[in-house]
Amino acid sequence: MNDDRRDGITRRKVLALGGAVSAALLAEGGLGAARVLAAEPELPQIPRRVLGKTGKKIPILLMGGDGGFDKVFDPRLAEGLRFGLDYVDAADCYAGGTCETSLGAFLKRASARDKMWITSKSDAHDPAGFAKTVDQSLARLGTTYVDLMFLHNLGDARHLNPELAATVAKLKEQGKIRHFGFSTHTGNVVEMLHLAAKTPWVEAVMFRYNFRKYGDKELNAAMDAAHAAGVGLIAMKTQGSEAERDAWKQFQQNGRWTKHQAVLKSVWSDARITAAVSGMDTLDKLRQNIAAAVDKSDLTAAEEGEIQRYAALTRSLACDGCDQHCGAAMRGHGGEAGAQPQIADTLRYLMYHDTYGRTDRARELFATLPAPARDLARLDFGPASRACPHGVDVAALMQRAVTVLA
Ligand code: SF4
């Protein structure tokens with residue numbers, strides 16, 4: 001049997017079928033969309049899992065909107081739908097605010113609102129600002145409701161307060177949002193997951209989770225607590241990408257899957273995780289991820305072993321976002337209150353620049369940091385390098401950030 005055949009389909013078939021239709025869509029500028037804008041049962045469909053206490057089933061692979069979409073009709077959205085990828089992860093700020101308007105254009109042109117789950121996020125964390133962002137998102141998306149609304153990148157527990165709970169309840173009553181949760185990629189993700197577990201009106205959390213985190217006992221305990229409390233868990237940053245652009249070459253493909261596919265399958269093997277969001281900026285990446293998702297076999301021991309070998313080899317090249325360590329080390333070295341460098345964010349933007357090649361987006365995000373956090377050349381990051389528990393050479397990477405981002 002061909003080694004890529006599983007459950008009656010082959011990866012080659014997924015790719016070939018996807019390619020033919022996408023080519024047609026591109027040629028027609030999307031006008032031929034109506035005939036393909038639905039799941040096609042004869043094609044392998046992405047498995048679905050229940051998203052915690054929302055009680056709703058969503059696909060295990062979610063379309064990330066961070067990079068934005070074609071402003072008229074994005075063929076990746078149409079292609080994903082055919083295989084059951086009907087969940088789009090948007091935010092008020094993604095792609096300079098155009099993610100939602102582009103997605104709205106697609107929904108309208110494809111008459112696809114009732115076929116898709118739309119999540120959006122608010123960068124405003126106060127009740128009035130959150131409600132205002134919801135209205136703005138609905139207007140941009142051209143819809144009357146979003147399926148799930150997140151507080152975006154929540155790191156301060158005080159925002160989950162009774163006033164916000166009342167606002168969320170009202171927005172639900174008004175039919176503007178169906179479910180509520182938050183995303184978090186701050187250093188206190190463990191605290192935030194425990195908080196979600198204790199907050200009945202938090203239905204889902206999207207958080208940074210990948211193969212480098214499997215041995216993290218505190219994180220695992222927090223995930224257990226949230227999962228047991230019925231909080232739907234969505235993984236992001238599953239690639240664990242390094243700020244060093246050639247690091248990926250150290251992954252030795254000894255099985256069927258590329259590094260990109262293998263680490264996704266590895267995250268899906270965790271039963272606590274409902275789904276993984278992925279930024280798929282090309283049709284090729286989308287098809288590769290679909291192929292990994294529809295394949296129901298587990299990774300082999302050798303494939304799992306290679307992920308762990310790769311994780312160990314590249315440990316000091318990947319930043320985990322735990323800047324309570326390196327940030328604290330900079331106090332007394334020019335990084336006092338009001339002048340703190342934002343090390344985790346800066347390294348994430350550097351990774352976008354060097355590893356993903358998203359140069360404009362990286363600079364755009366860096367430009368949103370407060371002025372003292374952008375003035376990197378004034379600081380010696382030696383203390384941060386020495387404080388990093390993973391051995392990240394913060395000083396060298398910050399020097400590069402000065403060159404390419406500042
Ligand atoms: S540099 Fe190290 S300590 Fe700082 S956020 Fe990254 S992984 Fe954590």
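**Figure 1. The low-confidence stretch at residues 16-35.** In this predicted model, pLDDT stays under 50 all the way through residues 16-35, a stretch with 24 contacts beyond four places in sequence. Residues 1-10 get a similar panel: pLDDT is under 50 there too, and the model has 14 contacts beyond four places in sequence for them. Where pLDDT is low, the predicted coordinates shouldn't be read in detail. For the chain as a whole, the mean pLDDT comes to 89, with 91% of the residues at 70 or more.

**Figure 2. The whole chain, for orientation before the close-ups.** Counting secondary structure gives 16 helices and 12 strands. Along the principal axes, the C-alpha atoms fill a box of roughly 65 × 55 × 40 Å. The radius of gyration is 21 Å, and that agrees with the value near 22 Å for a compact globule because the chain has 406 residues. Of those 406 residues, 48% count as buried. Take the contacts with a separation of 6 or more, and 79% of them join residues 24 or more positions apart.

**Figure 3. Where domain 1 meets domain 2.** The domain assignment splits the chain into domain 1 (5-307) and domain 2 (319-404). Their centres, taken over C-alpha atoms, are 27 Å apart. Zooming in on the contact region, 11 residues of domain 1 are in contact with 15 residues of domain 2. On the domain 1 side, the touching residues sort into 6 polar, 4 charged and 1 nonpolar.

**Figure 4. The shell around the ligand.** This view takes in the 14 residues that surround the ligand, with Cys319, Cys322, His325, Cys326 and Cys388 the closest. Helix 11 (323-329) and helix 12 (343-354) are the elements that give two or more residues to this shell. What is the shell made of by class? It has 9 nonpolar residues, 3 polar ones and 2 charged ones.

**Figure 5. Leu397 in helix 16.** Helix 16 covers residues 394-404, and Leu397 sits in it. Leu397 counts as buried because it has 23 C-beta neighbours inside 10 Å. Setting aside neighbours within four places in sequence, Leu397 is in contact with Ala243, Leu347 and Leu350. For a sense of scale, the C-alpha atoms of Leu397 and Glu42 are 48 Å apart, with the two positions 355 residues apart along the chain.

**Figure 6. Val267 in helix 8.** Val267 belongs to helix 8 (residues 259-268). With 21 C-beta neighbours inside 10 Å, Val267 is another residue that counts as buried. Beyond four places in sequence, its contacts are Tyr209, Asn210, Ala235, Thr238, Ile273 and Ala276. Asp216 is 51 residues away from Val267 along the chain, and their C-alpha atoms are separated by 14 Å.

**Figure 7. Helix 6 and what covers it.** Why is helix 6 (residues 189-198) described as largely enclosed by the rest of the structure? Because 7 of its 10 residues are buried. Those buried residues are Val189, Val190, Met192, Leu193, Leu195, Ala196 and Ala197. The cover over them includes strand 9 (177-184), strand 10 (204-208) and helix 7 (217-228).

**Figure 8. Helix 3 and the loops on either side.** Start with Ala95, in the loop between strand 6 (87-89) and helix 3. The phi of Ala95 is near 55 degrees, a positive value in a residue other than glycine. Ala95 counts as buried, with 20 C-beta neighbours inside 10 Å.

Next comes Thr98, part of helix 3 (residues 98-110). Thr98 has 15 other C-beta atoms within 10 Å, so it is partly exposed. Leaving out residues up to four places away in sequence, Thr98 touches Gly68 and Lys71. The C-alpha atoms of Thr98 and Leu141 are 10.0 Å apart, with the two residues 43 apart along the chain.

The last residue in this view is Ser111, in the loop between helix 3 and strand 7 (117-122). Ser111 isn't a glycine either, yet has a positive phi of about 45 degrees. Is Ser111 buried or exposed? With 11 other C-beta atoms within 10 Å, Ser111 is exposed.

Methods
Residues are numbered from 1 along each chain as its sequence is written. This is a predicted model: local features need pLDDT of at least 70, side-chain atom pairs count only at pLDDT 80 or more; totals for chains, interfaces and linings use all residues. pLDDT is the predictor's confidence in each residue, from 0 to 100. Two residues are in contact if their C-beta atoms, placed from the backbone, lie within 7 Å. A residue is near a molecule or strand if its C-beta atom, placed from the backbone, lies within 6 Å of it. Helices (H or I, at least four residues) and strands (E, at least two) are DSSP runs, numbered from the N terminus. Ala, Val, Leu, Ile, Met, Phe, Trp, Tyr, Cys and Pro count as nonpolar, Asp, Glu, Lys and Arg as charged, and the others, Gly among them, as polar. The radius of gyration is taken over C-alpha atoms; the globule rule is 2.2 Å times the number of residues to the power 0.38. A residue is buried if 20 or more other C-beta atoms lie within 10 Å of its own, exposed if 12 or fewer, and partly exposed in between; C-beta atoms are placed from the backbone. Domain bounds come from an automatic or database domain assignment.
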